[in-house]
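User: Please give me a close look at the loops of this structure, and then at what surrounds them. I am new to this, so go step by step.

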Amino acid sequence: MKAGTKLEKVLESGHFAVTAEAGPPKGTNAEVIKKKGELLRNYCDAVNVTDNQTAIVRLSSLAGCLLLKEQGVEPVMQMVVRDRNRLAIQSDVLGAVTLGISNILCLSGDHQKFGNHPTAKGVFDIDSIQLIQTLKRMRDEKKFICGEDISGEVPIFIGAAANPFADPFEYRASRLAKKVKAGADFIQTQAVYDVARFARWMEMVRERGLDRQVHILAGVIPIKSAGMARYMRDYVPGVIVPDEVVTRMEKAASAKEEGLKIVLEIIAQLKEIPGVHGIHIMAVGWEDIVPELVERAGLMPRPTI
Amino acid sequence: MKTITRQKPQEEVMGYLAKCHKVYLIGCGTCATLCHTGGKSEVLEMKEKLKAAGKEVSGWMIIPTACDELTKYALQEEAQRIKAADCVLAMTCAIGVQMISLHLKDAKPVYPALNTLFIGMEESPGHFTEVCLQCGSCVLGRTAAVCPLVRCSKSLLNGPCGGSSEGKCEVSPDIPCAWQLIYERLKEMGRLEELEEIEPTKDWSVSVSGGPRKIDIEAECTSLS
Ligand code: SF4
Ligand code: SF4
């Protein structure tokens, strides 16, 4: 065991894991996070708390994770390199681990241009792969980037993102290999709609034997409306939504039911792909669908660890 | 190599000049002329604008290369007219502004009329691209001579982020993804395996984060020989 977190145990014991996402509020109302935690607690193994997602300032990921932890919900702390330099990053990691938050997901972060402070200075002191390497070094060697010793244990279950839908496509498995080499223990991917492309990527991943070195959780986002499908297709960087999905949403009598159906079909296919060890549900603004989704996907009950 | 500048909004310039009645104008015959931001015609245009705004222009000149040491002598020659002014408005790059301020005889505000953007490479006549931010520890040898620090919007050192799509950066369809370019060039040269190496964290202390950088060429040459 690297950190002995619940998420690590679920994955290491060979269960098909389910994680979900909870976006913190643009303010100080703890109830927002607590409500999401309560809703999700029995339907997934861990909940990601986003870190100023899409570069919009929100309650910190660390605080959100602590609120979940206090409720008995397993948190995954997302951490972007856009907003912090290496001092702040390492200090926040020590803080998280000390508070019992040991699942940490390493990300570059959406460019600040997309958010509500587009004139901010992007930090990018280190990149996401160097962040993975930093966490591994802190955990395994108990050393900071500078080489000085850390006192105390630093158990971390290290997560990273992968996007098989970004370009250059042929490079995406190599990029995963690099993240594994840097020290990633689990991967949560960008949302899958184009299952064929995802399967081709997984094939390359298996060829390199990466599926045996890292747990891959395939990302899914349930679509609520035809408008959302079009928006994701046309404006969200790094996501591929095939026209067929948009058409289905447009023609559906009940958009919500159709959106749910689409995601359930995708999950059914993902479950069959060798090397996929779980799913990560990013139901942005539609968290209350998660229980039904997990239930209908046949992923209940969740293992008790 | 050229220092690329853009004119500041006139309101900002007029804000600086609020307390000055007499203004001395300086342009630059090199980069600012080439950028059409501080050459003769722009300086004369500014002169008219200032007059229209009720200011008096005590004189003007175009220094051949404002960032050069010779600026000192140009200022000496114009000392009389500069003296008569309440301030100097420099239509030069920021290095020119600082050079002028350094060599002005009497304490007098020197205001910039331009924003200094970057050191640009001229890709085609009149089209400049930022290709280097002078980071002090160049990595071009690993990145097929494409700078990841300025050409990648997130200054990533280890490959493309998840926003790279069809050769474009997530930030704008007008920005080519630097890592797509690096990938293609390395591929062409059969050097793709170099991308598998993890580039270590960067030493920013030799860059802007390390405090003002200085170099004494003569001393460096002596220590080398
Ligand atoms: S790596 Fe540094 S020195 Fe080299 S081109 Fe980029 S900014 Fe300039
Ligand atoms: S899309 Fe390419 S250029 Fe833009 S931030 Fe990502 S890696 Fe850098």
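Analyst: Start with one definition: helices and strands here are DSSP runs, with at least four residues for a helix and at least two for a strand, numbered from the N terminus. Keep in mind that the model is predicted.

Begin in chain A. A:Pro168 lies in the loop between strand E5 (157–162) and helix H6 (172–182) of chain A. Look at the bond before the proline. A:Asp167 and A:Pro168 are joined by a cis peptide bond, with omega about -15°. A second cis peptide bond links A:Met300 to A:Pro301, and its omega is about -5°. A:Pro301 sits in the segment after helix H11 (290–296) of chain A. Why point these out? Most residues other than glycine have a negative phi, and most peptide bonds are trans.

Phi gives the next stop. A:Thr54 has a phi near 50°, a positive value in a residue other than glycine. Find A:Thr54 in the loop between strand E2 (46–49) and helix H3 (61–71) of chain A. A:Thr54 is partly exposed, at a relative accessible area of 35%.

Now move to chain B. B:Gln134 also has a positive phi, near 55°. B:Gln134 belongs to the loop between strand E7 (127–130) and helix H7 (148–151) of chain B. With a relative accessible area of 37%, B:Gln134 is partly exposed.

B:Gln134 leads straight to a ligand. What surrounds ligand 1? B:Gln134 is one of the residues there, and others include B:Val131, B:Cys132, B:Leu133 and B:Cys135. Further along the chain, B:Cys138, B:Val139, B:Leu140, B:Cys147 and B:Leu149 belong to the surroundings as well. The shell around ligand 1 holds nine nonpolar residues, one polar residue and no charged ones.

Ligand 2 has its own shell. How many residues surround ligand 2? There are 13, and the closest are B:Cys152, B:Cys161, B:Cys169, B:Glu170 and B:Cys177. By type, the shell around ligand 2 splits into eight nonpolar, three polar and two charged residues. Ligand 2 sits in the largest cavity.

Two more loops of chain B deserve a stop. B:Asp106 is in the loop between helix H6 (94–103) and E5 of chain B. B:Asp106 is partly exposed, with a relative accessible area of 27%. Sequence and space can be compared here. B:Asp106 and B:Thr143 are 37 residues apart in sequence, and their C-alpha atoms are 49 Å apart in space.

B:Gly38 is in the loop between helix H2 (31–34) and helix H3 (40–52) of chain B. Is B:Gly38 buried or exposed? B:Gly38 is buried, at a relative accessible area of 0%. Along the chain, B:Gly38 and B:Ser223 are 185 residues apart, and 40 Å separates their C-alpha atoms.

For contrast, leave the loops. A:Val220 is in strand E7 (residues 215–220) of chain A. A:Val220 is buried, with 0% relative accessibility. From A:Val220 to A:Met138 there are 82 residues in sequence and 31 Å in space, C-alpha to C-alpha.

Finish with the rings. A pair of aromatic rings is described by the distance of the centres and the angle of the planes. Over all chains, the whole structure has five aromatic pairs. One of them is A:Phe198 with A:Trp201, a tilted pair with centres 5.6 Å apart and planes at 50°. These two residues lie three apart in helix H7 (residues 195–207) of chain A, so about one helical turn separates them. A:Phe198 and A:Trp201 are both buried.

The rings of B:Tyr16 and B:Tyr111 have centres 5.0 Å apart and planes at 15°, so they count as stacked. B:Tyr16 is in helix H1 (residues 10–16) of chain B and B:Tyr111 in strand E5 (residues 110–112) of chain B, so this pair ties together parts 95 residues apart in sequence. B:Tyr16 is partly exposed, at a relative accessible area of 29%.

Charges meet rings too. A:Lys113 lies over the face of A:Phe114, 6.0 Å from the ring centre. In chain B, the charged end of B:Lys202 sits over the ring of B:Trp204, at 5.8 Å from its centre.

Methods
Residues are numbered from 1 along each chain as its sequence is written. Chains are lettered from A and ligands numbered from 1 in the order in which they are written. This is a predicted model: local features need pLDDT of at least 70, side-chain atom pairs count only at pLDDT 80 or more; totals for chains, interfaces and linings use all residues. Side-chain values use heavy atoms; hydrogens and water are left out. A residue is near a molecule or strand if one of its heavy atoms lies within 4 Å of it. On a 1 Å grid over the protein atoms alone, a cavity is a set of points where a 1.4 Å probe fits but cannot get out, and a pocket is an open set with protein on both sides within 12 Å along at least five of seven lines; lining residues have an atom within 4 Å of a point. A molecule sits in a cavity or pocket if more than half of its atoms lie within 2 Å of its grid points. Ala, Val, Leu, Ile, Met, Phe, Trp, Tyr, Cys and Pro count as nonpolar, Asp, Glu, Lys and Arg as charged, and the others, Gly among them, as polar. Rings of Phe, Tyr and Trp (its six-membered ring) pair if their centres lie within 6.5 Å; planes under 30 degrees apart count as stacked, over 60 as edge-to-face and the rest as tilted. Buried means under 20% relative accessible area, exposed over 50%, partly exposed in between (1.4 Å probe, protein chains only). A charge sits over a ring if NZ of Lys or CZ of Arg is within 6 Å of the ring centre and within 35 degrees of the ring normal.
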